[in-house]
Amino acid sequence: NGAVPGERGKQDKSVKRGNWGNQIEFVLTSVGYAVGLGNVWRFPYLCYRNGGGAFMFPYFIMLVFCGIPLFFMELSFGQFASQGCLGVWRVSPMFKGVGYGMMVVSTYIGIYYNVVICIAFYYFFVSMTRVLPWTYCSNAWNTPDCTGVLDRNLSSRAALNLTLLNDTQKRTSPSEEYWRRYVLDLSDDIGNLGEVRLPLLGCLGVSWVVVFLCLIKGVKSSGKVVYFTATFPYVVLTILFVRGITLEGALTGIMYYLTPQWDKILDAKVWGDAASQIFYSLGCAWGGLITMASYNKFHNNCYRDSIIISITNCATSVYAGFVIFSILGFMANHLGVDVSNVADHGPGLAFVAYPEALTLLPISPLWSILFFFMLILLGLGTQFCLLETLVTAIVDEVGNEWIIRKKTFVTLGVAVAGFLLGVPLTTQAGIYWLLLMDNYAASFSLVVISCIMCVAIMYVYGHRNYFKDIEMMLGFPPPLFFQICWRFISPAIIFFILVFTVIQYQPISYNDYIYPTWAISIGFLMALSSVICIPIYAIYKVCRSDGDTLLERFKNATKASKDWGPALAEHRSGRYAPAFSPSTESHLEVQPLQPEKGRSEAAAASPMQGSNGSAHSQDSRL
């Protein structure tokens, strides 16, 4: 388990902050965090668009050289210090703004991510019926352009062109009209908020209550919940895959998904998409990995965990592609069109294309319930960590006994604030704002944060120091491959992702709607709001540091603080051996290793009555 020989007697538990009940809880929580909605609704689409099976090659190259190293770095960073995304920056206080940037990003994502979960809750509830409400075009919200795949008056010619949109035929599916005209009641502009959609607001309340109850006791409660939320989605995926693979046309869809187009392997965009997908899918620079690892025992083998979790995440993405494209292939076969005409991504896949395909199956409400229940669980696994990241950062930063005892109320406060900030996203223009946040709040800012984190740890704190820290924690230094990746390869790939993101930038749009300039400006401000924390705090820290010259202040601001290192006093050996001062003691948790032995030593050291009646210490002669 990575424990250092000769330290078996140590407790290796933080009574003050708490730890995971066992290592399985941490692994399942991290898998639930990394495996989210993007694995289902983004990766399969990227794969078929970028050369099918050929996309797997750059995808796994980026996983090995960027994904796993960054994952290991963040896990080891949080585990060594046993602190959240703010407390870990005692390693170099000037860069604490990186931690604040992570908090801002997690706040944005946490707000809109739960709105997506609430929409999945809504579809889950309305699927509990004999006939799915988006099956036919005979509802009050449908238009004359609506043509359903199961409409009885559907001619063979109409069926042939069912999903083709061109100038002469403006066909819309019943699932699309249900999504746009009933669930969202979509307004015509992002500035026209309209009214709050009360069913969505109710489901948003339900999703926040579920998240709060699962985190009511921090990792002690969420660690038990993940036994279900992190494993059951795989059960549902397997059920859907077994059902989908038996359908006519399923193999065509899967071949469309996997058939390699090797000519695209030389396209820079394919490599850029692979690197971006790995980076965003694993949740790097969100602060969640650091937070989850901070509740590990000090000697836990996070090197092993990082490899297991990263590979599980990517394997899930590939597996989800089989599930999605087997059903889409069946739908394309039923309509007599190419798979590319029914394939989609994002909300369009989750709430339009896939639900429409499910209406073709016998007992369609059952498959719909399973699908949306899977989406709910995938979303909740990520949402747990986003909320815990914010709560842990606040509690660790304040750090006194009172706030530790009242951590449940901090969790409640953050959940209530998240609910209130999510209310505008349940209005008629809510989907515009949701996509705006998704595209800007957590895009290039994550890349900048991750790049600065690598530089701060490897070049400011020093790679030799960090490698020694890991050896002290795990009992062995990081393998040479990871040392090279951390210092050179991973930062270079992150910089490549940043350049690629800038070059490939296109203003956001939603179907035919083009966002106005003022909305795009708000998007850029959201992106900058997390990055700007880094220089602002750096300037503040340099100004507050000791020193007569600017250079001295700068050196003192970047130098590791005295309380940097393992949280428990029993683990502070070598250069971390405590030379206690009041400020240092306040951040360390001292625990009796062997209470019985401690009492006997205290008795031995207590004053004893001498033969002449004078009291003296047994150690006075020393």
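## Exercises on a predicted chain

The protein chain holds 26 helices and four strands. Please keep in mind that the model is predicted. Let's work through it together.

### Exercise 1: The chain as a whole

Describe how the 622 residues of the protein chain divide by burial, and what kind of surface the chain exposes.

**Solution.** Start with burial: 56% of the 622 residues count as buried. Next, turn to the contacts. Among those with a separation of 6 or more, 81% are made by residues 24 or more positions apart. Finish with the surface, where the protein chain exposes about 26,200 Å². Carbon and sulfur atoms supply 63% of that area.

### Exercise 2: Helix 8 and its cover

Check whether the length of helix 8 (residues 198-214) agrees with its number of residues, then find which of its residues are buried and what covers them.

**Solution.** Step one is the span. Helix 8 has 17 residues, and at 1.5 Å a residue it should span 24 Å. The expected span is 1.5 Å times one less than the number of residues. The end C-alpha atoms of helix 8 are 24 Å apart, so the two values agree.

Step two is burial. The buried residues of helix 8 are Leu200, Cys203, Leu204, Gly205, Ser207, Trp208, Val211, Phe212 and Cys214.

Step three is the cover over these residues. It includes helix 5 (96-126) and helix 7 (174-183), along with helix 9 (219-229), helix 16 (364-398) and helix 18 (407-422).

### Exercise 3: Salt bridges between helices

Find the partners of Arg49, Glu397 and Lys407, and say how each residue is placed with respect to the surface.

**Solution.** For orientation, a search of the whole structure gives ten salt bridges. We take three of them in turn.

*Arg49.* The side chain of Arg49 meets that of Asp273 in a salt bridge, at 3.1 Å from N to O. This pair links distant parts of the chain, with Arg49 in helix 3 (residues 43-49) and Asp273 in helix 12 (residues 268-281), 224 residues apart. Arg49 has a relative accessible area of 33%, so Arg49 is partly exposed. Asp273, at 6%, is buried.

*Glu397.* The partner of Glu397 is Lys96, and their closest N and O atoms are 2.6 Å apart. Here Glu397 in helix 16 is linked to Lys96 in helix 5, 301 residues apart. Glu397 is partly exposed because its relative accessible area is 36%, whereas Lys96 counts as buried at 14% relative accessibility.

*Lys407.* Lys407 forms a salt bridge with Glu388, at 3.1 Å from N to O. Lys407 belongs to helix 18 and Glu388 to helix 16, 19 residues apart. Both partners fall under the 20% cut-off for buried residues: Lys407 has a relative accessible area of 16%, and Glu388 has 2%.

As a last step, look for shared partners: salt bridges join Arg49, Lys269 and Asp273 into one network.

### Exercise 4: A nonpolar patch

Which residues form a nonpolar patch on the surface, and which helices each supply at least two of them?

**Solution.** List the members first: Val455, Tyr459, Val460, Leu480, Ile484 and Phe488. Together they have about 540 Å² of accessible area. Now assign them to helices. Helix 20 (444-474) and helix 21 (480-503) each supply at least two residues of the patch. To close, take one member: Val455 lies in helix 20. With 36% relative accessibility, Val455 counts as partly exposed, because that class falls between the buried limit of 20% and the exposed limit of 50%.

Methods:
Residues numbered from 1 in each chain as written. Predicted model: local features only at pLDDT ≥ 70, side-chain atom pairs only at ≥ 80, totals over all residues. Heavy atoms only, no water. Buried < 20%, exposed > 50% of the residue type's maximum accessible area, 1.4 Å probe, protein only. Contact = heavy atoms within 4.5 Å. Patch = residues over 30% accessible without salt bridge, like charges linked within 9 Å, V, L, I, M, F, W, Y side chains within 5 Å. Areas by Shrake-Rupley, 256 points an atom, 1.4 Å probe, with all protein chains shown as cover. Salt bridge = Lys/Arg side-chain N within 4 Å of Asp/Glu carboxyl O.
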